[in-house]
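I opened this structure to look up how its helices pack, where its charged side chains pair, and what surrounds a few chosen residues. The entries below follow the order in which I checked them.

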Amino acid sequence: MGKKRSREDGKDAPAANADADWVDEDVDEEEDFDVLQVEFEWFNFDPKIDFHGVKSLMRQLFDVDHSFINTSALADLILSQPTIGSTVKVDGKEYDAYVVLTVLNTFVHREKEPMKQMLKYLTEKAQANESLAMIVDLLNSDKHIGLVLSERLINIPSEIAPPLYSMLIDEIEAAVEDKEPYEFSHYLILSKAYLEVESTLDVEKRKKKKPREEGTTFFFHLEDEIFHKFALAYGNFTYTNEDEAVSDSKRAFQEVGIKTAGHMILMEAGKLRAAQKAIAEHFKVPDRQSNLTRHDKH
(Lines give C-alpha, C1' and ligand atoms only; values in the text may rest on other atoms or scores of the structure.)
Protein backbone atom coordinates (compact mmCIF):
# COMPACT_ATOMS: atom_id res chain seq x y z
CA MET A 1 0.00 0.00 0.00
CA GLY A 2 2.87 2.34 0.54
CA LYS A 3 6.24 3.13 2.00
CA LYS A 4 7.73 5.94 4.00
CA ARG A 5 11.02 7.61 3.29
CA SER A 6 13.92 7.27 5.72
CA ARG A 7 14.34 10.03 8.28
CA GLU A 8 18.12 10.21 8.04
CA ASP A 9 19.41 9.47 4.57
CA GLY A 10 16.41 10.21 2.39
CA LYS A 11 16.44 6.71 0.89
CA ASP A 12 13.38 4.56 0.48
CA ALA A 13 12.38 2.76 3.65
CA PRO A 14 10.53 -0.32 2.48
CA ALA A 15 7.39 -1.35 4.27
CA ALA A 16 6.23 -4.92 4.36
CA ASN A 17 4.82 -5.71 0.91
CA ALA A 18 5.21 -2.06 0.04
CA ASP A 19 4.04 -2.46 -3.54
CA ALA A 20 0.64 -3.92 -2.63
CA ASP A 21 -2.29 -2.04 -4.13
CA TRP A 22 -5.61 -1.79 -2.35
CA VAL A 23 -8.23 -4.05 -3.89
CA ASP A 24 -11.74 -4.73 -2.63
CA GLU A 25 -12.13 -8.50 -2.63
CA ASP A 26 -15.87 -8.32 -2.05
CA VAL A 27 -16.68 -6.68 -5.39
CA ASP A 28 -18.81 -8.77 -7.74
CA GLU A 29 -16.48 -9.87 -10.53
CA GLU A 30 -19.32 -9.62 -13.04
CA GLU A 31 -19.79 -5.91 -12.49
CA ASP A 32 -18.68 -3.75 -15.39
CA PHE A 33 -16.31 -1.18 -14.01
CA ASP A 34 -12.77 0.11 -14.31
CA VAL A 35 -10.33 -0.44 -11.46
CA LEU A 36 -7.73 2.24 -10.83
CA GLN A 37 -4.82 0.88 -8.86
CA VAL A 38 -2.85 3.49 -6.96
CA GLU A 39 0.30 3.01 -4.93
CA PHE A 40 0.45 5.31 -1.92
CA GLU A 41 3.79 6.53 -0.63
CA TRP A 42 4.42 7.87 2.86
CA PHE A 43 6.79 10.78 3.43
CA ASN A 44 8.05 12.85 6.33
CA PHE A 45 7.11 16.50 6.12
CA ASP A 46 9.48 18.58 4.00
CA PRO A 47 9.27 22.38 4.46
CA LYS A 48 10.73 22.95 0.99
CA ILE A 49 7.96 20.98 -0.70
CA ASP A 50 4.90 20.59 1.50
CA PHE A 51 3.88 24.10 2.55
CA HIS A 52 1.13 24.65 -0.03
CA GLY A 53 -0.23 21.10 0.17
CA VAL A 54 -0.40 21.16 3.97
CA LYS A 55 -1.94 24.63 4.01
CA SER A 56 -4.59 23.56 1.50
CA LEU A 57 -5.57 20.51 3.56
CA MET A 58 -5.73 22.58 6.76
CA ARG A 59 -8.06 25.04 5.02
CA GLN A 60 -10.18 22.06 4.02
CA LEU A 61 -10.17 20.73 7.59
CA PHE A 62 -11.46 23.99 9.06
CA ASP A 63 -13.93 24.29 6.17
CA VAL A 64 -15.84 27.58 6.04
CA ASP A 65 -14.22 28.73 9.31
CA HIS A 66 -10.67 28.55 7.97
CA SER A 67 -10.46 32.35 8.04
CA PHE A 68 -10.34 32.20 11.85
CA ILE A 69 -7.03 30.33 11.69
CA ASN A 70 -3.83 31.55 10.08
CA THR A 71 -3.40 28.42 7.98
CA SER A 72 -0.08 29.63 6.60
CA ALA A 73 1.35 29.87 10.11
CA LEU A 74 -0.30 26.55 10.98
CA ALA A 75 1.37 24.87 8.00
CA ASP A 76 4.72 26.29 9.11
CA LEU A 77 4.15 24.94 12.63
CA ILE A 78 3.32 21.47 11.31
CA LEU A 79 6.39 21.50 9.06
CA SER A 80 8.61 22.53 11.97
CA GLN A 81 8.32 18.99 13.38
CA PRO A 82 9.07 16.91 10.26
CA THR A 83 9.59 13.58 12.01
CA ILE A 84 6.14 13.54 13.64
CA GLY A 85 3.30 12.64 11.32
CA SER A 86 3.13 11.89 7.63
CA THR A 87 2.06 12.99 4.22
CA VAL A 88 0.74 10.50 1.69
CA LYS A 89 1.31 11.06 -2.02
CA VAL A 90 0.90 9.09 -5.21
CA ASP A 91 3.10 10.92 -7.73
CA GLY A 92 6.34 11.26 -5.81
CA LYS A 93 7.81 13.40 -3.07
CA GLU A 94 7.86 16.62 -5.06
CA TYR A 95 4.06 16.77 -5.42
CA ASP A 96 1.38 17.98 -3.00
CA ALA A 97 0.08 15.64 -0.33
CA TYR A 98 -3.23 13.84 -0.70
CA VAL A 99 -3.27 13.08 3.04
CA VAL A 100 -1.85 14.75 6.14
CA LEU A 101 -1.77 13.41 9.70
CA THR A 102 0.13 14.99 12.57
CA VAL A 103 -0.17 15.98 16.22
CA LEU A 104 0.68 19.26 17.95
CA ASN A 105 1.28 19.81 21.65
CA THR A 106 -1.29 22.41 22.73
CA PHE A 107 0.69 23.40 25.83
CA VAL A 108 4.14 23.67 24.28
CA HIS A 109 2.86 25.77 21.35
CA ARG A 110 0.24 27.74 23.31
CA GLU A 111 1.96 31.11 22.72
CA LYS A 112 2.32 30.66 18.96
CA GLU A 113 -0.22 32.45 16.78
CA PRO A 114 -1.93 29.49 15.08
CA MET A 115 -2.21 27.53 18.34
CA LYS A 116 -3.60 30.56 20.17
CA GLN A 117 -6.21 30.90 17.44
CA MET A 118 -7.08 27.21 17.47
CA LEU A 119 -7.35 27.05 21.27
CA LYS A 120 -9.65 30.08 21.30
CA TYR A 121 -11.73 28.66 18.46
CA LEU A 122 -12.00 25.11 19.87
CA THR A 123 -12.76 26.36 23.37
CA GLU A 124 -15.64 28.48 22.08
CA LYS A 125 -17.02 25.56 20.09
CA ALA A 126 -16.70 23.10 22.97
CA GLN A 127 -18.50 25.51 25.29
CA ALA A 128 -21.50 25.46 22.96
CA ASN A 129 -21.96 21.68 23.17
CA GLU A 130 -22.57 20.07 26.56
CA SER A 131 -21.08 16.77 25.39
CA LEU A 132 -17.77 18.56 24.74
CA ALA A 133 -17.69 20.48 28.03
CA MET A 134 -14.71 18.65 29.56
CA ILE A 135 -12.57 19.72 26.61
CA VAL A 136 -12.77 23.34 27.74
CA ASP A 137 -11.10 22.71 31.11
CA LEU A 138 -8.41 20.53 29.54
CA LEU A 139 -7.51 23.10 26.90
CA ASN A 140 -7.26 25.78 29.59
CA SER A 141 -5.11 23.64 31.89
CA ASP A 142 -1.37 23.00 31.95
CA LYS A 143 -1.86 19.46 30.62
CA HIS A 144 -0.10 18.46 27.45
CA ILE A 145 -2.89 17.69 25.00
CA GLY A 146 -2.06 16.21 21.62
CA LEU A 147 -4.13 18.02 19.00
CA VAL A 148 -4.48 15.55 16.13
CA LEU A 149 -4.91 17.17 12.73
CA SER A 150 -5.98 14.69 10.08
CA GLU A 151 -7.26 15.54 6.62
CA ARG A 152 -7.33 13.92 3.19
CA LEU A 153 -8.83 14.42 -0.21
CA ILE A 154 -12.40 13.21 -0.24
CA ASN A 155 -11.88 10.15 -2.47
CA ILE A 156 -9.01 8.68 -0.45
CA PRO A 157 -10.16 5.34 1.05
CA SER A 158 -10.58 5.04 4.81
CA GLU A 159 -8.29 1.99 4.77
CA ILE A 160 -5.40 4.43 4.75
CA ALA A 161 -6.15 5.52 8.33
CA PRO A 162 -4.86 2.46 10.28
CA PRO A 163 -1.28 2.55 8.92
CA LEU A 164 -1.19 6.33 9.29
CA TYR A 165 -2.12 6.15 12.96
CA SER A 166 0.16 3.17 13.54
CA MET A 167 3.13 5.14 12.26
CA LEU A 168 2.14 8.24 14.22
CA ILE A 169 1.97 6.27 17.47
CA ASP A 170 5.37 4.73 16.82
CA GLU A 171 6.87 8.13 16.05
CA ILE A 172 5.42 9.64 19.22
CA GLU A 173 6.81 6.78 21.32
CA ALA A 174 10.24 7.24 19.73
CA ALA A 175 10.11 10.98 20.39
CA VAL A 176 9.20 10.43 24.04
CA GLU A 177 12.18 8.07 24.38
CA ASP A 178 14.32 10.94 23.08
CA LYS A 179 12.87 13.25 25.75
CA GLU A 180 10.92 15.33 23.26
CA PRO A 181 7.62 16.95 24.36
CA TYR A 182 5.15 14.40 23.03
CA GLU A 183 4.09 12.71 26.27
CA PHE A 184 0.39 13.56 26.21
CA SER A 185 -2.33 13.04 28.78
CA HIS A 186 -5.06 13.14 26.12
CA TYR A 187 -5.56 13.37 22.40
CA LEU A 188 -8.07 15.76 20.85
CA ILE A 189 -8.90 14.70 17.31
CA LEU A 190 -10.28 17.48 15.13
CA SER A 191 -12.45 16.22 12.31
CA LYS A 192 -15.48 16.97 10.16
CA ALA A 193 -18.99 15.62 9.80
CA TYR A 194 -22.04 16.41 7.73
CA LEU A 195 -25.81 16.24 7.81
CA GLU A 196 -28.10 15.82 4.84
CA VAL A 197 -30.41 18.78 4.31
CA GLU A 198 -33.18 19.64 1.90
CA SER A 199 -31.65 20.89 -1.31
CA THR A 200 -32.35 24.41 -2.47
CA LEU A 201 -32.42 23.14 -6.06
CA ASP A 202 -35.73 22.24 -7.70
CA VAL A 203 -37.65 23.47 -4.66
CA GLU A 204 -40.88 24.05 -6.54
CA LYS A 205 -40.80 20.53 -7.94
CA ARG A 206 -40.65 18.99 -4.48
CA LYS A 207 -42.83 21.31 -2.44
CA LYS A 208 -45.45 18.61 -1.88
CA LYS A 209 -42.96 16.05 -0.63
CA LYS A 210 -42.57 15.32 3.05
CA PRO A 211 -39.79 17.50 4.50
CA ARG A 212 -36.54 15.64 5.08
CA GLU A 213 -35.77 14.96 8.70
CA GLU A 214 -32.40 16.20 9.87
CA GLY A 215 -30.25 15.01 12.70
CA THR A 216 -28.31 11.97 11.48
CA THR A 217 -24.59 12.65 11.45
CA PHE A 218 -22.32 11.20 8.78
CA PHE A 219 -18.54 11.32 8.86
CA PHE A 220 -16.02 12.24 6.20
CA HIS A 221 -13.49 10.14 8.11
CA LEU A 222 -15.24 6.83 8.74
CA GLU A 223 -12.73 5.87 11.43
CA ASP A 224 -14.26 8.54 13.68
CA GLU A 225 -17.12 6.19 14.56
CA ILE A 226 -14.58 3.64 15.83
CA PHE A 227 -12.71 6.28 17.80
CA HIS A 228 -15.97 7.13 19.57
CA LYS A 229 -15.86 3.75 21.32
CA PHE A 230 -12.61 4.75 23.03
CA ALA A 231 -13.48 8.39 23.66
CA LEU A 232 -14.15 10.33 26.82
CA ALA A 233 -16.21 12.82 24.84
CA TYR A 234 -17.17 13.54 21.26
CA GLY A 235 -19.61 15.70 19.39
CA ASN A 236 -20.31 18.12 16.57
CA PHE A 237 -20.01 21.86 16.59
CA THR A 238 -21.58 24.42 14.31
CA TYR A 239 -19.37 26.49 12.07
CA THR A 240 -19.47 30.21 12.72
CA ASN A 241 -19.91 30.74 8.98
CA GLU A 242 -22.47 27.95 8.72
CA ASP A 243 -24.55 29.86 6.16
CA GLU A 244 -21.76 29.10 3.71
CA ALA A 245 -21.63 25.41 4.67
CA VAL A 246 -24.73 24.13 2.83
CA SER A 247 -23.66 22.71 -0.49
CA ASP A 248 -25.87 21.73 -3.39
CA SER A 249 -22.76 21.03 -5.44
CA LYS A 250 -22.03 18.03 -3.23
CA ARG A 251 -25.25 16.27 -4.11
CA ALA A 252 -24.67 12.84 -5.63
CA PHE A 253 -27.76 11.61 -7.47
CA GLN A 254 -29.94 12.74 -4.55
CA GLU A 255 -32.41 15.51 -3.96
CA VAL A 256 -30.48 16.67 -0.95
CA GLY A 257 -27.57 18.88 -0.12
CA ILE A 258 -25.23 18.54 2.83
CA LYS A 259 -24.40 20.81 5.73
CA THR A 260 -20.93 20.33 7.10
CA ALA A 261 -20.07 20.63 10.78
CA GLY A 262 -16.96 20.41 12.88
CA HIS A 263 -16.36 17.36 15.04
CA MET A 264 -14.15 16.75 18.07
CA ILE A 265 -13.13 13.51 19.76
CA LEU A 266 -11.37 13.50 23.15
CA MET A 267 -9.47 10.37 24.14
CA GLU A 268 -7.10 9.43 26.94
CA ALA A 269 -3.63 9.05 25.48
CA GLY A 270 -3.34 5.43 26.56
CA LYS A 271 -6.35 4.46 24.45
CA LEU A 272 -4.98 5.51 21.07
CA ARG A 273 -3.08 2.27 20.39
CA ALA A 274 -6.17 0.15 21.06
CA ALA A 275 -8.27 2.50 18.93
CA GLN A 276 -5.82 2.15 16.05
CA LYS A 277 -6.00 -1.63 16.26
CA ALA A 278 -9.79 -1.43 16.26
CA ILE A 279 -9.94 0.63 13.08
CA ALA A 280 -7.46 -1.75 11.42
CA GLU A 281 -9.76 -4.65 12.30
CA HIS A 282 -12.86 -2.75 11.21
CA PHE A 283 -11.43 -1.96 7.79
CA LYS A 284 -9.84 -5.42 7.53
CA VAL A 285 -6.43 -3.95 6.84
CA PRO A 286 -3.94 -6.84 6.58
CA ASP A 287 -0.89 -6.78 8.82
CA ARG A 288 1.37 -6.31 5.79
CA GLN A 289 -0.26 -2.92 5.23
CA SER A 290 -0.84 -1.70 8.77
CA ASN A 291 2.52 -2.80 10.20
CA LEU A 292 4.63 -0.26 8.35
CA THR A 293 8.30 0.22 9.07
CA ARG A 294 9.17 2.96 11.54
CA HIS A 295 12.37 4.93 11.11
CA ASP A 296 13.55 6.16 14.50
CA LYS A 297 15.45 9.38 14.98
CA HIS A 298 19.07 8.98 15.99
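**Entry 1: H5 against H7**

I began with helix H5 (residues 161-177) and helix H7 (residues 272-282), working from a predicted model, and found that H5 passes H7 in a left-handed crossing. Their axes come within 9 Å and cross at roughly 160°. With angles over 145 degrees counting as roughly antiparallel, I therefore entered H5 and H7 as roughly antiparallel to each other.

I then listed the contact, to which H5 contributes Ala-161, Pro-162, Tyr-165, Ser-166, Ile-169, Asp-170 and Glu-173, while H7 contributes Leu-272, Arg-273, Gln-276, Ile-279 and Ala-280. Sorted by class, this contact of H5 with H7 has seven nonpolar, two polar and three charged residues.

**Entry 2: a charged pair across H5 and H7**

Side chains of opposite charge can pair when their charged atoms come close, and I looked for such a pair in this contact. The side chains of Glu-173 and Arg-273 meet in a salt bridge, at 3.1 Å from N to O. This pair links distant parts of the chain, with Glu-173 in helix H5 and Arg-273 in helix H7, 100 residues apart.

Is this pair buried or exposed? Neither word fits, because partly exposed covers what lies between under 20% and over 50% relative accessible area: Glu-173 is partly exposed at 39%, and Arg-273 is partly exposed at 26%.

**Entry 3: other salt bridges**

I noted that the structure holds eleven salt bridges. One of them joins the side chains of Asp-50 and Lys-89, with 2.7 Å from N to O. Asp-50 is in the loop between strand S3 (41-43) and helix H1 (51-62), and Lys-89 is in strand S4 (residues 86-89), so that the pair, 39 residues apart, links distant parts of the chain. I checked the accessibility of this pair as well, and both Asp-50 and Lys-89 are buried.

Another salt bridge is formed by Lys-284 with Glu-281, whose closest N and O atoms are 3.2 Å apart. Here Lys-284 is exposed, with a relative accessible area of 60%. I also recorded a network of salt bridges that links Asp-63, Glu-151 and Lys-192.

**Entry 4: H2 and its surroundings**

I turned next to helix H2 (residues 71-79), which packs with H3 at an angle of about 115°, their axes being 8 Å apart. That makes H2 roughly perpendicular to H3, and H2 passes H3 in a left-handed crossing.

Which residues of the two helices meet? On the H2 side I found Ala-73, Leu-74 and Leu-77, and on the H3 side Glu-113, Pro-114 and Met-118. By class, this contact of H2 with H3 has five nonpolar, no polar and one charged residues.

I then asked why H2 can be called largely enclosed by the rest of the structure. Seven of its nine residues are buried, and therefore H2 is described in that way. The buried residues of H2 are Thr-71, Ala-73, Leu-74, Ala-75, Leu-77, Ile-78 and Leu-79, and they pack against H1, S5, H3 and strand S6 (145-152).

**Entry 5: two loop residues**

I looked up Thr-106, whose place is in the loop between strand S5 (99-105) and helix H3 (113-127). Thr-106 is buried, with a relative accessible area of 5%. Leaving aside residues up to four places away in sequence, Thr-106 touches Met-115, Leu-119, Leu-139, Lys-143, Ile-145 and Leu-147.

I also looked up Glu-183, which lies in the loop between H5 and strand S7 (186-198). Glu-183 is exposed, with a relative accessible area of 62%. Not counting residues up to four places away in sequence, Glu-183 touches His-144 and Val-176. For Glu-183 and His-144, which are 39 residues apart along the chain, I noted a C-alpha separation of 7.2 Å.

**Entry 6: the chain as a whole**

I closed with the totals for the protein chain, whose secondary structure comes to eight helices and eleven strands. Of its 298 residues, 50% count as buried. Among contacts with a separation of 6 or more, residues 24 or more positions apart account for 79%.

Key. Residues numbered from 1 in each chain as written. Predicted model: local features only at pLDDT ≥ 70, side-chain atom pairs only at ≥ 80, totals over all residues. Heavy atoms only, no water. Axes fitted to C-alpha atoms, helices over the stretch in contact; angles between N-to-C directions. Helix = DSSP H or I, 4+ residues; strand = E, 2+ residues; numbered from the N terminus. Parallel < 35°, antiparallel > 145°, perpendicular 65-115°, else oblique. Left-handed = near helix turned anticlockwise from the far one by under 90°. Contact = heavy atoms within 4.5 Å. Nonpolar A, V, L, I, M, F, W, Y, C, P; charged D, E, K, R; others polar. Salt bridge = Lys/Arg side-chain N within 4 Å of Asp/Glu carboxyl O. Buried < 20%, exposed > 50% of the residue type's maximum accessible area, 1.4 Å probe, protein only.
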